Amino acid sequence: MADVTDLPVAVADVCVRVRKNIGACGPYAHVVVQFEPPGQAGVELLSTVPQDRLPAEFLPALREGLLEGLAGVAAAVQVTDGTFHDVDSSERGYTIAGREAGRAALIGAGLLPLEEAGSLRWTTWPRMPEPVRVRRGRPRPASASP
């Protein structure tokens, strides 16, 4: 990534749903995030999700993941939806969700190559590139018939 310090364009509706089953349970997190060019330096985080859907206790972990995923790129970030699970939600899950959401924003804004989208296990967004399936060592577009 070049010396870009601000997210240059908006990236809307980044949805991350972490569901990692380790034995009987594992980290769970779900957020829908809007990214905008920043109004000030750094990452501005605002959640408009009611506490009964996404408790504020998970926001610091989400912010930590966003900072890691955005890799120094400043952005205004608004969490517009999300859910949690009474047993399986944890700070770890929301850190993973934040990291994936931040990387998705960089890909969506053209700051990372589209091929990087394949490494995002739990993330989707409206302009996400179509995944490539590998069969017998040959990459094929997902729309190709088997």
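Glu 44 has its bridge partner in E4, and that partner is Ala 76. Please keep in mind, as I go through this, that what we are looking at is a predicted model. The pair belongs to a wider arrangement, in which strand E3, covering residues 43–47, runs parallel to E4 and is joined to E4 by five bridges.

Which strand pairs with E4 in the antiparallel sense? That is strand E2, residues 28–36, which pairs with E4, residues 75–83, over seven bridges; within this pairing, Val 33 has Val 79 of E4 as its bridge partner.

Now to the connection between E3 and E4: together with helix H1, which spans residues 59–70, these two strands make a β-α-β unit, and the unit is left-handed. As for confidence in that helix, H1 has the highest mean pLDDT among the elements of the chain, at 97, whereas strand E6, residues 132–135, has the lowest, at 46. For the chain, the mean pLDDT is 86, with 82% of the residues reaching 70 or more.

Let me finish with one residue, Thr 123, which lies in strand E5, residues 123–124. Is Thr 123 buried or exposed? Thr 123 has a relative accessible area of 3%, and because this is under the 20% cut-off, the residue counts as buried. Its side chain is joined to that of Glu 100 by a polar contact of 2.5 Å. If we leave aside the neighbours within four places in sequence, the residues in contact with Thr 123 include Val 14, Cys 15 and Val 16, and also Ala 104 and Met 128.

Notes
Residues are numbered from 1 along each chain as its sequence is written. This is a predicted model: local features need pLDDT of at least 70, side-chain atom pairs count only at pLDDT 80 or more; totals for chains, interfaces and linings use all residues. Side-chain values use heavy atoms; hydrogens and water are left out. Two strands pair if DSSP finds at least two bridges between them. Helices (H or I, at least four residues) and strands (E, at least two) are DSSP runs, numbered from the N terminus. A crossover is right-handed if, with the strands pointing away from the viewer, the path from the first strand over the helix to the second runs clockwise. Buried means under 20% relative accessible area, exposed over 50%, partly exposed in between (1.4 Å probe, protein chains only). A polar contact is a pair of N or O atoms within 3.5 Å; within protein, one must be able to donate a hydrogen and the other to accept it, and residues adjacent in sequence count only if both atoms are side-chain atoms. Contact means heavy atoms within 4.5 Å. pLDDT is the predictor's confidence in each residue, from 0 to 100.
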